[in-house]
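The following report walks through selected helix packings, strand pairings and backbone features of a multi-chain protein. The sequence and coordinates come first, and the discussion follows.

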Amino acid sequence: MSFRFKESSVLPGFGLSLGYTLLYLGLIVLLPLSALVVKSSELGFGGFFRTILDPRVLASFKLTFGASLAAAAVNVVFGTIVAWFLVRIRFPGKRVIDAIVDLPFALPTAVSGIALAMLYSPNGKLGIFLQSIGIKVAFTQLGITVALIFIGLPFVIRTVQPALEEMDRELEEAASSLGASRTQTLTKVILPLLMPPIITGFTLAFARAVGEYGSVIFIAGNMPMKTEITSLLIITKLEQYDYAGATAIAVAMLVVSLALILLINLFQSWSGKHLVR
Amino acid sequence: MSIILKNISKTFGDFHALKNINIEFQSGELTALLGPSGSGKTTLLRIVAGLEEADRGANADILFDSQTVTSSPVNRRQVGFVFQHYALFRHMTVFENIAFGLRVKPRDQRPSKQDIKDKVNELLRLVQLENMAGRYPSQLSGGQRQRIALARALAIEPKVLLLDEPFGALDAQVRAELRRWLRKLHDTLHVTSIFVTHDQEEALEVADRIVVMNHGAIEQIGTPNEVFHRPATEFVMQFLGDVNVFHGRIESDSAIFNETVPLIEGQENTARLLVRPHDLTIQSTPGKGPALPAKVYRVLTAGPIVKVELIDRHNRLIQVHLSHDNYNQTMLKLHEEVYLVPRESRVYANNDAWTGAYVI
Amino acid sequence: MFINILKSTDKRPGLNPPLIVNMAITVIALGFLFMFVIMPLIIVLKEAFSAGLSLWWASITEKDALSALRLTLLVAAIAVPVNLVFGLAASWALAKFRFKGKSLIITLIDLPFAVSPVVSGLIYVLLFGLHGWLGPWLAQHDIQIIFAVPGIVLATIFVTFPFIARELIPLMSEQGTDEEQAALSLGASGWQTFRRVTLPNIKWGLMYGIILCNARAMGEFGAVSVVSGHIRGETNTLPLQVEVLYNEYNFVAAFAVASLLAGLALVTLVLKSIVEWKTKHG
């Protein structure tokens, strides 16, 4: 048995296409990303941790991860409900509603940013109303969460919707014939089966929210220690020519993001073991 | 428990899936609903289960032991339903699947943890899968999944067991094995059971009674012997077992099958002569009664019976089944002209059985 | 049709919640979508035209706005084709051949999705900025990448890098190589096989990828913001122009430019729906 890199194939063009892929991948993605690693190592171990453990940085982490978590949680609840609506309920014009769900993906973040800021500002359409019942959204952590709900909204819907569409109605019939009430069928059969896509959607929405910049900065107010998100802090450091500091924070953020993706993959391969049909 | 269906109809849009069905299923019997796809058999089964609602008619009713259940929902009917594709909960182990029906019972009727455990283990023994309790459905073979689905349905001690094409998704060998097993199981449990199948062999082998359905109506109800040997309609005869069909017409008081006149679709006074391949005798002389001259075209001797294909003067292909002994006695030669004499046959004119004379 | 509103899509008895529950779900779902999706869209259009059509027209035909539009189109016109060629090459290599290390490469292609926009900009500053690796050498040769158009193009290529490839790889894997082998056995050349067999099979997936890639390329904000330097009339793309105008409290102009991008988003959604429909219905 000799080591074989590639199984033989009659199709041409393998060397050319793979070579081009690797070259392009290396130049556009890997080379710049390696700059990140090298630059952060310039700080040394101590310097790296001094940078990311600075109170202002820590406050931004807490805010960014906290608001992202909250926004993703809200999207789990409402996203699942919207997915249910789109799959299970008859309603005129549902195709249009279905298409509009993707707006947060399609709308440039700067546009959603100024729109949300305008909407929730103290004299904006919703701002006036919320102010009157004592809720302040713009320039608060709540405002940041609102923006993150907006940009993460399609994820849970788009992961749960196909799962619900493909769910075998016979499973519900089986549960029902065994004596389960509608509520029992929902909690014991439907929701457990929707759990993998819900968790995937949650993780995707969370990961996206952590790195979000454009839709947040207009509504955030950007007060250090209070409403300053990590992405903005990186830009601030850059503007002060503190490349190493900016890089350290970016690396910390990236590590968390990659850990999350790893977690998704692990979870999916774990759940895939016995959840395949 | 006996089940009575009265005046059951079901329409899907313009399609009449069931047309005024009246039937009684005896307590403790294993009944097969047999018919081709689209005959309404599955719809009928689902209506009994409460998974489908029959059309609301004045006299329509479903009775379980003379109690009407028409308005009680599926989760209150206490029917054990076994689905063609098993419908096992893939996020639960085998144990949890079987325990499901017990765990969703109202709190005051729910058995204790130990009772549930004992019951599930007992059912696992019954379906001969004691070692599989901790597995997930994806780790089982098709036949094992179907047995777990059956155990799950039995856990709620159903008044009636309903099986929708229970072996349809399995390969031939497992199918035959499970068929015998189901019959044995029924003989020990004696729970009223109805199963749907399109496989006549399956119905004949397993069921106490067979309900043959076609186009949303019942063609015949009877024991396997009755439906096979005394088919009430042309459809039943054609659906159960191989059959040679000769097209002809009614002329004055006899049915004529010996003409070459091409038949026109929808023509009046048409008749069909149906003879099973094993009901034809091959003779070298015509004899007294109706006999059909034909030439031996092909002989297939590989198999438990000998299949002889013949062609008559009108170029019709005719099948005859003989035992090897019989075949050896007749000493047929290829292209030899012989006479075919029906020992038993049926003639249908238009839609009714024809009892008059016929000419072949 | 009308009487079926709010009823469950599946009519089988015993499975569906009562009408009142469906009604509650509908109200919550539509309310949520209205609050978080429809309202922001309405506000953009309302603010854009709040001072009248002529002022809107003036805002989007203003010198700096036009130059931002030109730059945005230029960036997309470079980034999309470049990533298209990459996507085709990568999916051919990864979907039609079996070799070791394939899944690693697929993971690496997805990497830009895991990197936040600001960090995507940052890595190019670290590479090409004045204090970056190649900065001094570039300065010596009088080449400017950061705070100039090349930097914007590079950052955009990075953030839109996976779109087309990740659309095509699963699609082409699923289709297998039988048809290509048949074409080759019938005497077609490699290029003919690709053009006449492979490409027609993936055309809708390809369109889908291009649409998404283009929308992101024209709308990217965070990454571009880091490398652009915000020089009016020179390195501002449309999203950056929106930010500049908004921060100057020139709301009408900001929303007028934003309405162009919102229009782009709506066109994207329509095209996306059409392609999805075509994929489903052949």
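A residue is called buried here when its relative accessible area is under 20%, exposed when that area is over 50%, and partly exposed in between. The model is predicted, and every value below was computed from it.

## A buried helix in chain C and the loop after it

By that cut-off, nine of the 10 residues of helix α13 (residues 238-247) of chain C are buried, so α13(C) is largely enclosed by the rest of the structure. The buried residues are L238(C), P239(C), L240(C), Q241(C), V242(C), E243(C), V244(C), L245(C) and Y246(C). Their cover is drawn from two chains: it includes α6 (109-120) and α11 (214-220) of chain A, together with α3 (63-96), α11 (203-219), α12 (222-228) and α14 (251-280) of chain C.

Just after α13(C) comes Y249(C), which lies in the loop between α13 and α14 of chain C. Its phi is near 60°, a positive value in a residue other than glycine. Unlike the buried residues of the helix, Y249(C) is exposed, because its relative accessible area is 66%.

D142(C) also has a phi near 60°, again a positive value in a residue other than glycine. This residue belongs to the loop between α6 (135-140) and α7 of chain C, and with a relative accessible area of 71% it is therefore exposed.

## Two helix packings

One of the two packings described here joins chain A to chain C, while the other lies within chain C. The table sets out their geometry.

| Helix pair | Angle | Axis separation | Handedness |
|---|---|---|---|
| α1(A) and α7(C) | about 110° | 10 Å | left-handed |
| α8(C) and α11(C) | roughly 160° | within 8 Å | right-handed |

In the pair that joins two chains, helix α1 (residues 14-42) of chain A packs on helix α7 (residues 149-160) of chain C at an angle of about 110°, and the two are therefore roughly perpendicular to each other. The contact is made by Y24(A), I28(A) and V29(A) on the side of α1(A), and by L154(C), I157(C) and F158(C) on the side of α7(C). Sorted by class, this contact has six nonpolar residues, with no polar and no charged residues. An α-helix has 3.6 residues a turn, so residues three or four places apart point the same way.

In the pair within chain C, the axes of helix α8 (residues 162-175) and α11(C) come within 8 Å and cross at roughly 160°, which makes α8(C) roughly antiparallel to α11(C). From α8(C), the contacting residues are F163(C), I164(C), E167(C), L168(C) and L171(C), and they meet G205(C), L206(C), Y208(C), G209(C), I210(C), L212(C), C213(C) and R216(C) in α11(C). By class, the contact of α8(C) with α11(C) has nine nonpolar, two polar and two charged residues.

## Strands of chain B

In chain B, six strands form an open sheet with mixed pairing, in the order β20-β19-β13-β11-β12-β21. The edge strands, each of which pairs on one side only, are β20 (352-354) and β21 (357-359) of chain B. From one strand to the next, the twist averages 35°. Within this order, strand β11 (residues 244-251) of chain B and strand β12 (residues 254-256) of chain B pair in the antiparallel sense over three bridges, and E251(B) stands opposite S254(B) in β12(B).

Strand β1 (residues 3-12) of chain B and strand β2 (residues 15-25) of chain B also run antiparallel, joined by seven bridges. F12(B) stands opposite F15(B) in β2(B). These strands form a hairpin with two residues between them, and G13(B) in the turn has a positive phi of about 65°.

## A sequence-distant contact in chain A

Which residues does F267(A) contact, leaving aside its neighbours within four places in sequence? They are P196(A) and I199(A). F267(A) and P196(A) are 71 residues apart in sequence, yet 8.1 Å apart in space, C-alpha to C-alpha. F267(A) sits in helix α13 (residues 243-275) of chain A, and because its relative accessible area is 22%, it is partly exposed.

Definitions and conventions. Residues numbered from 1 in each chain as written. Chains lettered and ligands numbered in written order. Predicted model: local features only at pLDDT ≥ 70, side-chain atom pairs only at ≥ 80, totals over all residues. Heavy atoms only, no water. Axes fitted to C-alpha atoms, helices over the stretch in contact; angles between N-to-C directions. Helix = DSSP H or I, 4+ residues; strand = E, 2+ residues; numbered from the N terminus. Parallel < 35°, antiparallel > 145°, perpendicular 65-115°, else oblique. Left-handed = near helix turned anticlockwise from the far one by under 90°. Contact = heavy atoms within 4.5 Å. Nonpolar A, V, L, I, M, F, W, Y, C, P; charged D, E, K, R; others polar. Buried < 20%, exposed > 50% of the residue type's maximum accessible area, 1.4 Å probe, protein only. Pairing = 2+ DSSP bridges.
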